[in-house]
Amino acid sequence: MSTLPVRGLPWTVLRLHRSAVVLWGAALLAATVTLVWMYAIGDDARAGIRACATPATDTLPLCSAVDAITADTIYADTIAVVSTAVSYLMLPVAAWAGGALIGRELETGTAQLDWTQSVTPARWLAARLTVPAALLAGGTAAAVLLNVWARQDGNPNLVGDWYDPDVFVSTGPVAVAHVLAGLALGALAGLLTRKTLPAVGLALAATLVLHNLLDWYRTSLWPTVTTTGRAALDLPRSAQDLEHGVVTSAGERIGNNTACVGSDSLADIQRCKSSSGLTDFWATYHPRSHFWPLQFMETGLLLALAAAATTAAFGLLRRRTA
């Protein structure tokens, strides 16, 4: 009787899903070529947003570099597309995991055939999760590193602010955690439905809800900073302004109030405060230094969810194949 050695399971997974592997490799190659190109035109792109004059002066360069302006637009738009693609990568991963990786094999009986050839259900599922997880994690990490490299100095006028949802996800370990969570949720959806199309729908719905929840509550994952006085009226560009307002003479704090924001000097601010009956200003924000704490918190949550979904998938498989 022919048997399928356990050590051959990874190779079996690769052969069975070779189309997905080729597509993943092509996507990584395309991303690599694109980001290398973005790095190459980065200097021209930054030149396109610098102040200039026609004719040139002692302090300003000539505004005749049409190619620089074109590079500015191409660079910003392309970086934005790549960031969005990496940010939403968990959705197609979850759909593929639920539909092709697990759901279709259970629906067609391929999985049951494997279980009759000296492969336990647990080892079958382990192989189908481990191999894609390694490829997806390694490829996504490479894409994130290339994206950060191509962004160079991270000029927000070209590549967006660090707290923009797509920028945040695509420039840190959160992207890898998103993909692994998508893989685990997709596998669980496939085991729950044991059908291709229902698994795709359930996996997409679960990951979309997860993605949106994290977007909405990301700012709550780490303590914010609150400042008062004039500094609250003039937060730096790198700060993620979450809420701001004023304090009235009665001591009441009013949020989302923009009184006196247009004041140019301290004297103007004082006059505005007196005429408006205000005593102070305040603002709550995340400074640029909170990027990594927020990344680590969200990554931890996603990995914990991926571990929980994986555990649930093995438990469900064990009960159904007892």
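Arg-237 comes out as partly exposed in this predicted model, with a relative accessibility of 44%. Its side chain meets that of Asp-161 in a salt bridge, at 2.9 Å from N to O. Asp-161 sits in the loop between helix H8 (156-159) and helix H9 (165-170), while Arg-237 is in the loop between strand E1 (225-228) and strand E2 (240-248), so the pair ties together parts that are 76 residues apart in sequence. The acidic partner is tucked away: Asp-161 counts as buried because its relative accessibility is 12%, and the cut-off for buried is under 20%.

That bridge belongs to a set of 6 salt bridges found in a search of the whole structure. Another one joins Arg-46 to Asp-43, with 2.5 Å between N and O. Here the partners are both in helix H3 (residues 42-48), 3 residues apart, or about one turn of the helix. Arg-46 is buried at 13% relative accessibility, whereas Asp-43 is exposed at 52%. Asp-153 comes into the picture too, linked with Asp-43 and Arg-46 in a network of salt bridges. Asp-215 and Arg-218 form a further bridge, their closest N and O atoms being 3.1 Å apart. In this pair Asp-215 is partly exposed, with a relative accessible area of 23%, and Arg-218 is buried, at 7%.

Turning to the aromatic residues, the count of ring pairs comes to 6. One of them is the stacked pair of Tyr-39 and Trp-149, with 4.1 Å from centre to centre and 10° between the planes. This pair links distant parts of the chain, as Tyr-39 belongs to helix H2 (residues 18-40) and Trp-149 to helix H7 (residues 121-151), 110 residues apart. Tyr-39 is partly exposed at 36% relative accessibility, and Trp-149 is likewise partly exposed, at 36%. Elsewhere, Trp-162, Tyr-163, Phe-168, Phe-291, Trp-292 and Phe-296 make up one aromatic cluster. Phe-291 has a charged visitor as well: the charged end of Arg-288 sits over its ring, 5.0 Å from the centre.

Finally, there is Tyr-88, found in the loop between helix H4 (66-87) and helix H5 (90-108). Tyr-88 is partly exposed, at 29% relative accessibility. Setting aside neighbours within four places in sequence, Tyr-88 is in contact with Asp-166 and His-211. The C-alpha atom of Tyr-88 is also 8.8 Å from that of Val-179, a residue 91 places away along the chain.

Definitions and conventions. Residues are numbered from 1 along each chain as its sequence is written. This is a predicted model: local features need pLDDT of at least 70, side-chain atom pairs count only at pLDDT 80 or more; totals for chains, interfaces and linings use all residues. Side-chain values use heavy atoms; hydrogens and water are left out. Helices (H or I, at least four residues) and strands (E, at least two) are DSSP runs, numbered from the N terminus. Buried means under 20% relative accessible area, exposed over 50%, partly exposed in between (1.4 Å probe, protein chains only). Contact means heavy atoms within 4.5 Å. Rings of Phe, Tyr and Trp (its six-membered ring) pair if their centres lie within 6.5 Å; planes under 30 degrees apart count as stacked, over 60 as edge-to-face and the rest as tilted. A charge sits over a ring if NZ of Lys or CZ of Arg is within 6 Å of the ring centre and within 35 degrees of the ring normal. A salt bridge is a side-chain nitrogen of Lys or Arg within 4 Å of a carboxyl oxygen of Asp or Glu.
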